[in-house]
Structures are given as structure tokens and as C-alpha cells.
Amino acid sequence: MAKITFITSDGNTTIVEGSTGSVMELAVQNKIKGIDGDCGGVCSCATCHVHVNPEQWDKTGAPDELENDMLEFDDNVSEYSRLSCQMKVSEDLDGLILTVAK
Amino acid sequence: MEKSKISDPFKKARLEKGFGKMNDQNDPVTMILGHKDVRKSAHNWKTFQSGGEEVGRIVVPSEVHIRDTRQIPFEVDPPEHKGYRDIVEPWFKRPLEAKYQENLSQIINNVVDEALSKETIEVVEEFALKLQSRALTILLNVPPEKADLWISWGTHVFRSEDTALDSSKANILYDYIDAELDKAIANPGNDLYSVLLASENNGTKLTKEEAKGVMILTFAGGRDTVINAVTNSIAYFAEHPQALERLRDEPEIMNTAIEELIRYFSPLTQMGRVVTEDTQVCEHALKAQSRISMCWASANRDERVFEKANEVVLDRKVNPHVAFGFGTHNCLGATHARQIMRILLTVLTQKVKSMEILDCEENIENLDEFKRKVGFDSIQVKFNKL
């Protein structure tokens, strides 16, 4: 089980728990504002863009090349940007804080 | 296995030059072919504009001579684009609601049942066109019988047999939308026409002409594309019964399967833009006021991005396809289209054992340098019950 915190553009903070699937799926199930996951998690739509808390960057690791290419053209990109569909929920992510980009 | 195959005619040009050329009614188009260049161009709406003065010019083939109404939000660029997109976006996300999916499911079950009850069926006219038109009544929130007229128009609403574009045919649609908007003005309801007419952009009500622009986009953008996606899906599963079997056994791969089929089919080959300043792509000079297109179909087969690019890999996990476009102007109807695919594939796995292609005629787009199969003009199929 991992507890993940989402900070949305309206300033709200939501803590959700999960153990399987992707972080995007977890966010969609919990109706986190700004995470749409239009393509269902195949890295083609960038509607699940989040900024990882810089201090926790080693928890998530950097995006791979295809994810990075996708982020390159997204608005509001930072050096701690990830697509949450490409992050698997696991114990390793327990305590992670994500700021929704949209 | 050949009939359902959609080949990649762009490979050589994509790898050697990165672009292709086609003439279109004496208004030539430089087709951008590589995945990265396509995304880069789609992202750069300032240099490659959609909202220029010549309405219809970004469509390939150009609709400059058959249309005066600006399609909205499609032919508007930022910052004005956002106001329009924000108006229509929630309406076009309705396919995520359970009730919408229930209604869509009933429509798709009906067309599949009808196909199963017949000895054979011509899938383009009798299956895909019906499915697409009836599904559109849900997207517009209008009575189901409205689809009867749309079906009677046939698949070639904008084209005649001998010409690519036919203004008298296109006018049938434009006149119809005018009349429906007048009805909505007189008697507002809960349909898309009325919702648009009641909407405000920056405090000003949408004009009838603006509402018409959204409606033309909705009718035109989702017609051939959905018909091709549905028809190509039937052809694919007819020739790959093991793929249908796999979806039956592993419903958890449904999402990746849908995205992969959409990548492979790329129902819309390309979309154009007008160049606003002298620039270059792939070391090729582009003049201001000339046209480019982003060739989604070519980008989706780019071997630098997709392993086994010409194969359908139903469980392809990372699939950054651009079949719904990319960036600001990405497909407004994508949520609707994805639900159609999800429900169609689900119903096929529930009811259909196998399908046989008896006869077919391919629909080949003539892009000068390239000839691309986009679907079928007709395809006769026998559906077998599970």
C-alpha cells in the first residue's frame, strides 16, 4: 500500500491510497482534478502530467525517452515533470507528493 | 491476411527526406512525415496556423471552394481558441458518463445483432455508417430517429463519384444544420445546438454562425473517421480470429488494443496548416503563406518510435501515437470515438465467434507521391454467432 498526495491547481490537497496499477489510474479513480488519462495510460495524450516533489525525485526516477519526448511539447513542463501513467503504484512511492500540472 | 492490412507508403520518403509533396487543387502541400517533426509542427501553432483568413484551407483536400463557415474551435488559434474549446470540452467528455455508455452500448448491440441475423452484410453502408450515425445522436443528444436522414445521405456527403469535393453535396449538410439551428432558436432544448446557442464566450453569446461552425466540425470530423475505424476493425478481426479470442480471454488488454488499432488504422491520414513566416522543416525551406500537413498516418509508423511499427501489437504498452492529432487542436471527438471502439470490441467478444470477408473494395487515397489505403469503399462480411 502506498499513500500518494496530489496538490491540484485549485490549491486542494488530496491523499489517496493504492497498491496496484498506475498513478494515473489511481488519480482518475479518485477524481483528482486535472488528471484525465484520456488515452488510458499508453503515453499518447499527456493529460496526466504531474510535477514530482523535487526532494522525492529519486523515488520516481526520471522519465524514459518516449515519455520525455511527450513532455517536451507539454505546457508548464519542469525538470521534475512526469506522466503519471508511466509510474507504477508500489510501496516505493509511499509518501510521494505530486503537483498536478493542469 | 492481406485484406485488412494497412500498409505504410511513406517509409522511404520519411527516412530519406522527412517530407513529401502533394498537389491539391493547385495549392501544394508539404507533408511532414516523421513523428518528431509532426509533433513539433502541431505544437507550433504560431508558425503553422489553423485560424488564417482562408477558411477551409487547412483541410486536405482543401475546402476553400466549398465552405465559408469557419469550423470552431478547429479553425481558430490561441488565445481565442481556448474560449471556444472550454465551451465544448465538457459536452464532448460526456462519453465518460455511465448513461451515455449504456445508450451507446444498445446501439452497437443492435447493429451487431442485425449483422449476425443476416446471411452476409456490406459493412461500410449497412454497419459502420449506421453505427456512426446513431452514435452521433447520443453525442448531439437528439432523438435516435434523426439518424435515419444522416444514413440516407450515404458515405459520400462531401464527395461525388467523380470529384474529390462537391459543393452541392456539402450544401446538403450545411443547409440541414442551418435548419436545425433555426429550430433550436425557436424551441431551445437539451441538444448540442441549443447548448451552443446558449453558451457565452467572454460574456458574449455564440452567434448562429459560430454554433454552425461547431456543428459542421462535429458532423464532418466524426463521419469518415469513425466509419473507417469501425470498418477496419471488422476487417482486422475477421482476418485475425486469434486476436478476438485473445480479447475475450484477456479483457484487461482492451485499452492498449484500442489505442493500437487506432494507431495502426490512423483513420485521418493528415491535417494541414498554413505557414505564417519563412521557415524550414527537415532542412527544407517553407515559404510564408504556403501549406504544410502533419501526416499522422506516417508518424504512427515511424520506426524510430514504434518497434514493429507495421504490426498490430494488441498489448503495446507505450504507444505515443498521434492518430487523434497532437497539441492545441487535438481531436475533440476522441472520447466519443474511444468509447465506440471500446463498446464495439466488447460486443464483438461477447457475441461473435468469427467473421469472413467475402468481397471487398479498398478505399485508396491518392496523395500524388503516395497512395494510401484508409479503409474500404465496400466490404461484404459474414458474421458467425458465438
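**View 1. Chain B and chain A bury about 1,400 Å² between them.** Carbon and sulfur atoms give 57% of that buried area. R39(B), H43(B) and V318(B) supply 30% of the area that chain B buries against chain A, more than any other three residues. Please keep in mind that this is a predicted model. The contact draws 15 residues from chain A and 17 residues from chain B.

**View 2. Salt bridges and polar contacts cross the interface of chain B and chain A.** Three salt bridges are found here. In one of them, the side chain of K36(B) meets that of D69(A), with 3.8 Å from N to O. Seven residue pairs are in polar contact across the interface, both residues at pLDDT 80 or more. On the side of chain B that touches chain A, the elements giving two or more residues are α2 (35-43) and α12 (254-265) of chain B. Which element gives the most to this side? That is α2(B), with four residues. Sorted by class, this side of chain B has eight charged, five polar and four nonpolar residues.

**View 3. Five strands of chain B make an open sheet with mixed pairing.** Reading across the sheet, the order is β1-β2-β10-β7-β3. Why do β1 (19-22) and β3 (48-49) of chain B each have one side without a neighbour in the sheet? They stand at the edges with a single partner strand each, so one side of each is left free of a neighbour there. Strand β2 (residues 29-32) of chain B runs parallel to strand β10 (residues 291-294) of chain B, and four bridges pair them. To find this pairing, look for I32(B), whose bridge partner in β10(B) is M294(B). Helix α2(B) packs on the sheet and touches β2, β3 and β10 of chain B. The direction of α2(B) makes about 120° with that of β10(B).

**View 4. Another open sheet of chain B has three strands in antiparallel pairing.** Its order is β4-β12-β11. Here β4 (121-122) and β11 (352-367) of chain B are the edge strands, each with a single partner, so one side of each lacks a neighbour in the sheet. Two bridges join β4(B) to strand β12 (residues 370-385) of chain B. A handy landmark is E122(B), which stands opposite Q380(B) in β12(B).

**View 5. Strand β1 (residues 2-7) of chain A pairs with β2(A) in the antiparallel sense and with β5(A) in the parallel sense.** Strand β2 (residues 13-18) of chain A is joined to β1(A) by six bridges, and A2(A) has G18(A) as its bridge partner. The hairpin of β1(A) and β2(A) has five residues between the strands, and G11(A) in this hairpin takes a positive phi near 90°. Four bridges link β1(A) with strand β5 (residues 96-100) of chain A, where T99(A) stands opposite I7(A).

**View 6. Two cis peptide bonds in chain B and a positive phi in chain A reward a closer look at the backbone.** Most residues other than glycine have a negative phi, and most peptide bonds are trans. The bond joining I72(B) and P73(B) is cis, with omega about 0°. From P78(B) to P79(B) the peptide bond is also cis, with omega near 5°. P73(B) lies in the loop between β3 and α3 (80-92) of chain B, and P79(B) is found in the loop between β3 and α3 of chain B. N76(A) is not a glycine, yet its phi is positive at about 60°. Look for N76(A) in the loop between α3 (65-72) and β4 (81-83) of chain A.

Methods:
Residues are numbered from 1 along each chain as its sequence is written. Chains are lettered from A and ligands numbered from 1 in the order in which they are written. This is a predicted model: local features need pLDDT of at least 70, side-chain atom pairs count only at pLDDT 80 or more; totals for chains, interfaces and linings use all residues. Side-chain values use heavy atoms; hydrogens and water are left out. Contact means heavy atoms within 4.5 Å. Buried area is the accessible area (1.4 Å probe) that two parts lose on being put together, summed over both. A salt bridge is a side-chain nitrogen of Lys or Arg within 4 Å of a carboxyl oxygen of Asp or Glu. A polar contact is a pair of N or O atoms within 3.5 Å; within protein, one must be able to donate a hydrogen and the other to accept it, and residues adjacent in sequence count only if both atoms are side-chain atoms. Ala, Val, Leu, Ile, Met, Phe, Trp, Tyr, Cys and Pro count as nonpolar, Asp, Glu, Lys and Arg as charged, and the others, Gly among them, as polar. Two strands pair if DSSP finds at least two bridges between them. Axes are lines fitted to C-alpha atoms, for helices over the stretch in contact, and angles run from 0 to 180 degrees between N-to-C directions.
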